Amino acid sequence: MALILGIDPGSRHTGYGLVEHVGNRSRAVAFGTISTSHKEMPPRLGEIFAGIDQVVKEYGPAEVGIEKVFMARNADSALKLGQARGAAIAAVMQASIPVFEYSARQVKQAVVGKGSAEKIQVGEMVRHLLGLDKRPQEDAADALAIALCHAHMRVSLARMAGATAVRNRRIR
């Protein structure tokens with residue numbers, strides 16, 4: 001069993017999603033959004049750090065998947081996204097949890113089967129794959145998708161490294 005935290009960083013809204021992955025099954029443990037309230041960037045980064053730190057302390061994930069920064073149309077937006085991502089990574093690294101990075105295209109490919117999928121498709125597949133009653137809020141759905149992507153990738157990476165079986169809920 002692996003408890004995986006997915007993080008969808010944003011300077012105003014940072015989504016998080018925890019997925020428990022056992023064998024080839026996944027279930028949602030918790031998910032939500034850390035919404036910042038300040039106008040200035042430094043306090044927002046503090047809120048993101050504190051929010052992720054709280055999630056890590058409460059649930060104790062074994063691994064973390066986070067979305068890579070993509071080049072937005074606006075360089076200022078990309079910088080803000082990078083700062084929010086850095087605050088989230090710093091909170092995770094404070095607990096010495098391994099962090100794995102995925103592009104938005106990789107996440108969409110892993111969850112929907114199409115790297116150019118729309119956000120609504122991602123949300124619906126997350127709802128379906130995790131057996132949720134309704135589609136999660138967009139940032140939380142993206143975070144759950146990142147966690148699911150990592151759950152699938154970690155098995156593939158273990159196989160490439162020579163693992164041949166799952167025994168006692170561990171990849172061997």
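This report describes the fold, the central sheet, the salt bridges and selected residue environments of a predicted model.

**Overall architecture**

The protein chain contains five helices and seven strands. Read from the N terminus, its elements follow the order β-β-β-α-β-α-β-α-α-α-β-β. The chain has 172 residues, of which 44% count as buried. Its exposed area is about 9,400 Å², and carbon and sulfur atoms supply 50% of that area. When contacts between residues at least 6 apart in sequence are considered, 57% of them join residues at least 24 apart.

**The sheet and helix α2**

An open sheet is formed by five strands in the order β3-β2-β1-β4-β5, with mixed pairing. Its edge strands are β3 (25-35) and β5, each of which pairs on one side only. On average, and with direction ignored, neighbouring strands of this sheet are turned by 20 degrees against each other. In general, strands of a sheet pair through backbone hydrogen bonds, in a parallel or an antiparallel manner.

Strands β1 (residues 2-8) and β2 (residues 13-22) run antiparallel and are joined by seven bridges. Leucine 3 stands opposite glutamate 20, which belongs to β2. Helix α2 lies across β1, β4 (63-67) and β5, and runs at about 175 degrees to β4.

**Salt bridges**

Across the whole structure, a search finds seven salt bridges. Three of them are listed below with their N to O distances.

| Basic residue | Acidic residue | N to O distance |
|---|---|---|
| Arginine 27 | Glutamate 20 | 2.9 Å |
| Lysine 80 | Aspartate 76 | 3.4 Å |
| Arginine 85 | Glutamate 101 | 2.1 Å |

Glutamate 20, the residue opposite leucine 3, meets arginine 27 through its side chain. Arginine 27 has a relative accessibility of 43% and therefore counts as partly exposed.

The bridge between aspartate 76 and lysine 80 lies within helix α2 (residues 75-93). Because these two residues are four residues apart in that helix, about one helical turn separates them. Aspartate 76 is partly exposed, with a relative accessible area of 41%. Lysine 80 is also partly exposed, at 29%.

The closest N and O atoms of arginine 85 and glutamate 101 are 2.1 Å apart. This pair links distant parts of the chain, since arginine 85 is in helix α2 and glutamate 101 is in strand β5 (residues 99-102), 16 residues apart. How do the partners stand with respect to burial? Arginine 85 is buried, with a relative accessible area of 12%, whereas glutamate 101 counts as partly exposed at 42% relative accessibility. Elsewhere, Glu124, Arg127 and Arg135 are joined into one network by salt bridges that share partners.

**Selected residue environments**

Three residues, each assigned to a helix or strand, are described here in turn.

Arginine 85 is found in helix α2. Its relative accessible area of 12% is under the 20% limit, so arginine 85 is classed as buried. Apart from residues up to four places away in sequence, arginine 85 touches Pro9, Ile66, Glu67, Lys68, Val69 and Glu101. One of these contacts, Glu101, is also the salt-bridge partner of arginine 85.

Threonine 14 is found in strand β2. With a relative accessible area of 0%, threonine 14 is buried. The threonine 14 side chain reaches the backbone oxygen of glycine 10 at 2.8 Å. Residues up to four places away in sequence aside, threonine 14 touches Ile7, Asp8, Pro9, Gly32, Thr33, Ile34, Ile48 and Ile52. Pro9 appears among the contacts of threonine 14 and among those of arginine 85.

Alanine 28 lies in strand β3. At 17% relative accessibility, alanine 28 counts as buried. Leaving aside neighbours within four places in sequence, alanine 28 is in contact with Leu18, Leu130, Leu132 and Leu144. The C-alpha atoms of alanine 28 and alanine 147 are 9.6 Å apart in space, although the two residues are 119 residues apart in sequence.

Technical notes
Residues are numbered from 1 along each chain as its sequence is written. This is a predicted model: local features need pLDDT of at least 70, side-chain atom pairs count only at pLDDT 80 or more; totals for chains, interfaces and linings use all residues. Side-chain values use heavy atoms; hydrogens and water are left out. A salt bridge is a side-chain nitrogen of Lys or Arg within 4 Å of a carboxyl oxygen of Asp or Glu. Buried means under 20% relative accessible area, exposed over 50%, partly exposed in between (1.4 Å probe, protein chains only). Two strands pair if DSSP finds at least two bridges between them. Axes are lines fitted to C-alpha atoms, for helices over the stretch in contact, and angles run from 0 to 180 degrees between N-to-C directions. Contact means heavy atoms within 4.5 Å. Accessible areas come from the Shrake-Rupley method with a 1.4 Å probe; for residues, only the protein chains shown count as cover. A polar contact is a pair of N or O atoms within 3.5 Å; within protein, one must be able to donate a hydrogen and the other to accept it, and residues adjacent in sequence count only if both atoms are side-chain atoms.
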